[in-house]
Each structure stands twice: as C-alpha cells, then as structure tokens.
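Grab a coffee and work through the exercises below with the structure open next to you. Try each task before reading its solution.

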Amino acid sequence: MIVGGGTAGWLAACRIAAAADPAAERPVSVTLVESPDIATIGVGEGTWPTMRRTMARIGIDEAELLIACDASFKQGSRFDGWVTGEAGDSYHHPFTPPIAGDPREAARLRPGDAFADRLCAQPQICALDLAPRQRSMPGYAGALNYAYHLDAAKLAALLKRHATGRLGVRHVRDHVLDVEAAEGGDIASVRTRDNGAIAGDLFIDCTGHAALLIGEHCGIDVVDRSDELFNDRALAVQVPVAPGSAIAAQTNATAHAGGWIWDIGLPTRRGVGCVYASTFMDDAAAEATLKAYLRRTTPDCDADALNIRLLTFRSAHRERFWAGNCLAIGQSAGFLEPLEASAIVMIELALDALIDDFPANRAVMAVQAERFNAQFRYRWDRIVEFLKLHYVLSRRTEPYWRAHRDAGSIPSRLAQSLELWRHRAPAAIDFPAKDEVFPGASYQFVLYGMGFLLPSGVAVAEREGGDMAAAIRQVEQRGRALAASLPTNRAYLDALRAEHAGTDPILERYAE
Ligand SMILES: Cc1cc2nc3c(=O)[nH]c(=O)nc-3n(C[C@H](O)[C@H](O)[C@H](O)COP(=O)(O)OP(=O)(O)OC[C@H]3O[C@@H](n4cnc5c(N)ncnc54)[C@H](O)[C@@H]3O)c2cc1C
C-alpha cells in the first residue's frame, strides 16, 4: 500500500511492481492511494545519474522519458559566486569523476588552475551546451556521466501512466482520513473518504510534508538540521524560452547574500528558484533578488509578469524511517534543501534498499527495519555534511555566510574531515559505505572548486598513478574529441522530438 502520488509515491509503485514476480507463490500487488485534494509539491527538477538506472529498471525507454517529461540532460552543477561573490568566481561539480590516478598528484596543478576544468573534460562540454551522448548510442548510455533536468509534474504523470497501464498498479484517487491500527502498533488499513478501509501488509508513506503514517500514526519525530543548514524558503518561477535557444547542460547555482538561486534549463522553459533563510532575508528581499537575477540573465523577460510561487520547508529528517510495517519515502522521510538535488536520489536509494531485501513476511520486518534505519541515518548525516561543505569554505562576508562558518553550525565529522584534508586529499577511507550518496570525487570538486588548498603530499604513501602533466594532456584531447562529436542539447532534443512527431505513439501518448 502506497499512500501519496508525488514523485516518491509513483517511483515506489513502479519500482516495486516492476520487480515483483507474478509467478511467485504469494505474488505482491501494489495499490497507490492519492488524495484529489492535496497537490504534489510540483518542484524537484534536478536529478542524479542514478535516475538512468531507475528508469531502465522500471522499463521506461529513454526517448519516452525525455519527450514525456520535457527533459534535458544534466551533467553536474556550476556554482557562481559561492567563494567571494566577485566577478569570475565560478566552479564546476561535474558528474564524471576527475581523471584516475593519485589525487596527491593534483597538488602539482599550477596555482589558479581550476581543478575540475583541468582534471575532467565535462566542464568544457557543459560550457558548449553539448549533450553527454549521441543519438546512436543505446538508451541510458553516455560518453560522459549524466542525469536529467525534468518537469516534476510530467514525471509523476508518466510514472502514473506506466504504473497503471503497464505494471498493473491499482490506483485509488481518494483522501485518506486516518489509519486503523493493528496489534503492536502496526497499520492494518488506511480509512479513505469514499472507498472505506484499504488493507495492506506493508505501508509506504509518500504523503510528503503531511507524513500521515510515519509521523501522525507511528509518532516518529523529526531530527531538526536547521542549525547546520539554514535555508527554509524558496521562491520558484517558470521562465519561457524561445524556440531554438541553447539548453544549459548543468544546473546553475548562483549564490546571493542570503542563500542561492537555482536555474534549470528544459527544452520549453527554465525553472528558476531563489532559496533563502528567513532569519537572514525576508520574502520581499528574496523576491527582489530573484527578479534582479532574471533581469540580468533574461533581459527580454518581464520579471514582474511571472507567477512566483513560495515554498516553505524545514531542514529535517525522521529519527527513524521504517517503524513496524510502515516505511517513509520522499518528503515524509525528510528534506534538507534543494542544493545538489539530493532528495530524489534518496527516494531511489530507499527503493533500491527495499527491493534488494524485500520482506518475505511480517516476522522479518523488524530486522530489515533496523538495518534500513541505520543505513539511512548514515546517509542523511553524510548529505548534511556534503551540503554544508558548500557553505563553510566560502569567504563571502554577509551575515548569512559568516554564520555558516560558525564552528557551532558545522557537523563535527565534517570539521574533522576538513582537518584531515588539509594534509591529504579525500580518500576511500573517508567514504566507507557501499553506494555513498556523494563519493570522494564530489568532495574533491567542491573542496578544490571553493579554493581549499591542495595538500602538498605526505611522507609515507603508496606511489600510484602516473604523470599528472600527461594525464592533463589526455583530458584536453578527450575534451576536444568529445566537443567535435557531440550534438548540442538543443539539436539532440529537437531532433528526437521531430523523429517522434506526427504518427509516432510516444508523442501521441504523452502530448497532453
Ligand atoms: C524548493 C524545492 C526544490 C526542490 N528541488 C529538488 C531538486 O531539484 N531535486 C530533487 O531531487 N528534489 C528536489 N526537491 C524535493 C522534491 O521535490 C521531493 O523530494 C519530491 O518531489 C518528492 O515529493 P513527495 O512525493 O515525497 O511529496 P509530494 O510531491 O508532496 O506528494 C505528496 C502526495 O501525498 C498525497 N497525500 C497527502 N496527504 C494525503 C492524504 N491524506 N490522503 C491521500 N493522499 C495524500 C498528495 O495528494 C500527494 O500526491 C525540492 C523541494 C523543494 C521544496
């Protein structure tokens, strides 16, 4: 039983139904109940490369995903103004890791060399607005690592059609009024307004902010992380784009006095949002900041005519995510802030964990819940640290940025790691878990992009990796070869759409 029909609910329905074996002795059936009264959050347009694996497992074709969700390719993020806020302050966090080899060798980069630009070909490809793959490649394969930018409402609609039309998921449009308890605090059924009680064995709470099952029924409290991550509001807007205009290959994240602005390019519009901390910036100042950004980046758009939507959130996650026979996935499990698009990837990872070890019966759930809770508490803590890393190394002087550098606001493990990384680069030992959400490569891109000094080498170490100068030459050659062979995002996506226009069932199915 899945309650909630946002990105989390429909991803859960598709993943479980696609993995279910209809010939099993006790086949699994999936029901999703979604309230007609409560809208989905409707944002969440940046994803992580895991989305390719997720979509392939669900059985959605890549062309279908790109067309149905008005999607484009995301190859990482570009951070403007995060270090000093001065002109030219910009660095990349690409999805493709830096060249292999001994990271200590990176200390030989010349001062002023941009780490990501020298050690990875992807920033150069992003600067040219190129796609990470050619049309002739098999679906979900790329010359460079990539994810998607997409329209969140269209993604939920695609998943819904796929789940109900192709995977046999039962869809009930009804409002859940409350929960009927079973012995020992378990959930026996959810009581709906028009369809009565709907029973189930395992209940997945995807009710978003409401957290109807995990919070209201199970009484699992949240762990507030707003002392570490201060942002609690966002003003979101959709900006139309001219046909044929370039489509950015990365999320642009531009820092401002009290937060940052996301800018995500889709084929038919841009999604732009001003994220801020209400203790440091009021709504009027945030709106002025957003409009000034729009005027600067889009001179021909009338910023005053756009429909701006306010979203509020609190940086927090549940103390536990799985209690009894109830598992929270999505916003009901927690949300920190939009930086680095860590929310949807956590939905995907939660579903991977559930499906990898799907409970055979109620008796084994307690063990699985305990393991799941430990694994995901670890992940939420690591995400808080990685997001905080973007703020602690800034040299900006506004109160918001100074407060982020206050030692009391920095998670202790991050403070310890930063101390270690003054002497050596982030290494595998710092990231011991299988499937770390943010690997060492991501830390390197942010650390060195923010101007953290490269370590000068340690006295005792295995000498591995080759000649750094030769490796940098290889990156340059690869960048040139890719630039010559990859289409622009616009050319790729327009050609795809043209190929499927007219009689093709894909466009017809998803045209509305
Ligand atoms: C400003 C902002 C920007 C973001 N940007 C990103 C991003 O770029 N990348 C990313 O990965 N994530 C992002 N996120 C997070 C992302 O949007 C969410 O994690 C994702 O959409 C999942 O939401 P959800 O499905 O859990 O909840 P929701 O979309 O809120 O869905 C909740 C569902 O529960 C249903 N429901 C609620 N109560 C009841 C009831 N009583 N009975 C029946 N049904 C009920 C509702 O009808 C709805 O269908 C962002 C979030 C915010 C706030």
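Before we start, one cut-off: a residue is called buried when its relative accessible area is under 20%, exposed when it is over 50%, and partly exposed in between. Also keep in mind that this is a predicted model.

**Exercise 1. Salt bridge inside a helix**

Task: Find the salt-bridge partner of Arg382 and decide whether the two residues are buried or exposed.

Solution: Start from the side chain of Arg382, which forms a salt bridge with Glu385, with 2.8 Å between the closest N and O atoms. Next, place the pair: both residues belong to helix H10 (residues 365–392), and they are three residues apart, about one turn of the helix. Finally, apply the cut-off: Arg382 is buried, and Glu385 is too.

**Exercise 2. Salt bridge between loops**

Task: Work out which parts of the chain the pair Arg193 and Asp37 ties together.

Solution: First check the contact: their side chains meet in a salt bridge, 2.8 Å from N to O. Now look at where they sit. Arg193 is in the loop between strand E9 (187–192) and strand E10 (196–199), while Asp37 is in the loop between strand E2 (31–34) and helix H2 (50–58), so the bridge links parts that are 156 residues apart in sequence. For accessibility, Arg193 comes out at 40%, which makes it partly exposed. Asp37, at 47%, is partly exposed as well.

For the wider picture, the structure holds 30 salt bridges. One more to look up is Glu398 with Arg396, where the closest N and O atoms are 2.6 Å apart; Arg396 is buried, at a relative accessible area of 9%. Elsewhere, salt bridges with shared partners join Arg15, Arg53, Arg57 and Asp352 into one network.

**Exercise 3. Reading a sheet**

Task: Trace the seven-stranded open sheet and say why one side of E5 and of E17 has no neighbour.

Solution: Write down the strand order: E5-E4-E14-E15-E16-E13-E17, with mixed pairing. Strand E5 (90–94) and strand E17 (309–312) are at the edges and have a single partner strand each, so one side of each is left without a neighbour in the sheet. Going from one strand to the next, the twist averages 20 degrees. Then zoom in on one end: E4 (residues 76–80) and E5 run antiparallel and are joined by five bridges, with Asp80 opposite Ser90 in E5. Last, add the helix: H8 (residues 283–297) packs on the sheet and touches E13, E14, E15, E16 and E17, its direction making about 145 degrees with that of E16.

**Exercise 4. Around the ligand**

Task: Which residues are the closest to the ligand, and which backbone atoms make polar contacts with it?

Solution: Of the 31 residues surrounding the ligand, the closest are Ile38, Val43, Gly46, Gln331 and Ile344. Now go for the backbone. Ile41 has an N or O atom 2.9 Å from a ligand oxygen, and Val176 has one 2.9 Å from a ligand nitrogen. A polar backbone atom of Ile344 lies 2.8 Å from an oxygen of the ligand.

**Exercise 5. Odd backbone angles**

Task: Locate Ala211 and Ala341 and check the sign of phi in each.

Solution: Ala211 has a positive phi of about 45 degrees although it isn't a glycine. You'll find Ala211 in the loop between strand E11 (203–205) and helix H7 (212–217), buried at 1%. Ala341 also has a positive phi, near 45 degrees, and lies in the loop between strand E21 (334–335) and helix H9 (342–356). At 13%, Ala341 counts as buried.

Methods: Residues are numbered from 1 along each chain as its sequence is written. This is a predicted model: local features need pLDDT of at least 70, side-chain atom pairs count only at pLDDT 80 or more; totals for chains, interfaces and linings use all residues. Side-chain values use heavy atoms; hydrogens and water are left out. Two strands pair if DSSP finds at least two bridges between them. Helices (H or I, at least four residues) and strands (E, at least two) are DSSP runs, numbered from the N terminus. Axes are lines fitted to C-alpha atoms, for helices over the stretch in contact, and angles run from 0 to 180 degrees between N-to-C directions. Contact means heavy atoms within 4.5 Å. A salt bridge is a side-chain nitrogen of Lys or Arg within 4 Å of a carboxyl oxygen of Asp or Glu. Buried means under 20% relative accessible area, exposed over 50%, partly exposed in between (1.4 Å probe, protein chains only). A residue is near a molecule or strand if one of its heavy atoms lies within 4 Å of it. A polar contact is a pair of N or O atoms within 3.5 Å; within protein, one must be able to donate a hydrogen and the other to accept it, and residues adjacent in sequence count only if both atoms are side-chain atoms.
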